[in-house]
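The following questions and answers concern the structure shown below. Each answer closes on the value or name requested.

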Amino acid sequence: MEKHIKRWIKPFWLWQEEKESDWLRQMSLKGWHLIKACICVYTFEQGDPKDIVYYRDLRSLNKSDENEYIEIFKDMGWSYIFRQGIWYYFSSPADNKYKEVYSDNQSRLGKYGILLSMHIIALVLLSNGLRIVSGRVANNETLLMEALLFVAFILFMILIYSTINLIVLVTKLRKSPKE
């Protein structure tokens with residue numbers, strides 16, 4: 001039997017896990033099951049429509065810890081799908097009694113705190129890069145340097161937008177009642 005594979009481009013911000021999970025669930029209900037994702041490109045394999053929920057988690061693990069980590073999810077009824085960098089994707093039938101992997105705010109705060117730290121480091125590095133490139137543009141009016149400055153500025157603005165949204169999310173989690 002021939003496998004039917006399709007790719008969809010669907011952008012999600014890092015803090016839009018629920019929105020991404022809902023979309024992936026709708027795809028599974030239509031018979032398209034996630035097998036891979038990279039940035040905004042999702043790869044699906046066609047199969048029977050099923051009610052499957054998906055979960056994306058952020059972890060930086062070595063190989064020995066990774067096996068134990070995946071086993072914890074397996075014990076909770078979640079299947080490991082793939083790893084993309086520091087992101088791990090899991091799936092589970094929608095009727096799994098463990099609907100949420102991290103149901104407490106402290107776990108969520110830890111995850112989003114790591115993302116926020118990564119954003120702040122990237123902002124510092126990118127702002128330094130912008131300073132260097134803008135200095136070169138001022139001294140050397142080449143089209144390539146101006147284009148590089150424009151791209152770096154757009155990335156900087158996107159990163160600021162993403163960082164602000166992560167700060168709002170972390171603030172809401174800190175203020176919400178402890179679970």
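Q: Against which strands do the buried residues of α2 pack?
A: This is a predicted model, in which local features need pLDDT of at least 70, side-chain atom pairs count only at pLDDT 80 or more, and totals for chains, interfaces and linings use all residues. Residues are numbered from 1 along each chain as its sequence is written, and side-chain values use heavy atoms, with hydrogens and water left out. Helix α2 comprises residues 63-75; helices (H or I, at least four residues) and strands (E, at least two) are DSSP runs, numbered from the N terminus. Its buried residues (under 20% relative accessible area, with exposed over 50% and partly exposed in between; 1.4 Å probe, protein chains only) pack, by contacts of heavy atoms within 4.5 Å, against β4, β5 and β6.

Q: Why do the buried residues of α2 lie on the same side of the helix?
A: An α-helix has 3.6 residues a turn, so residues three or four places apart point the same way. In α2, the buried residues are Glu66, Tyr69, Ile70 and Phe73, whereas Ser64, Glu68, Lys74 and Asp75 are exposed on the other side. The arc is taken from the directions from the helix axis to the C-beta atoms. The buried residues share one side because they cover an arc of only 95°.

Q: What is the order of the strands in the open sheet of three?
A: Strands pair if DSSP finds at least two bridges between them. Five bridges join β5 to β6 (residues 87-93), and these two run antiparallel; Tyr80 has Phe90 in β6 as its bridge partner. The edge strands, each pairing on one side only, are β4 (52-58) and β5 (79-84). The order is therefore β4-β6-β5.

Q: Which helix supplies the largest share of the largest nonpolar core?
A: A nonpolar core is a set of buried Ala, Val, Leu, Ile, Met, Phe, Trp, Tyr and Cys residues joined through side-chain atoms within 4.5 Å. The largest has 23 residues, and Trp23, Tyr89 and Tyr112 are among those with the most contacts inside it. At least two residues each come from α1, β2, β3, β4, β6, α3 and α4. The largest share, four residues, comes from α3.

Q: Is Lys111 buried or exposed?
A: Lys111 is placed in helix α3. Not counting residues up to four places away in sequence, Lys111 touches Glu17, Tyr55, Arg56, Asp57 and Leu58. Because its relative accessibility is 6%, Lys111 counts as buried.

Technical notes
Axes are lines fitted to C-alpha atoms, for helices over the stretch in contact, and angles run from 0 to 180 degrees between N-to-C directions.
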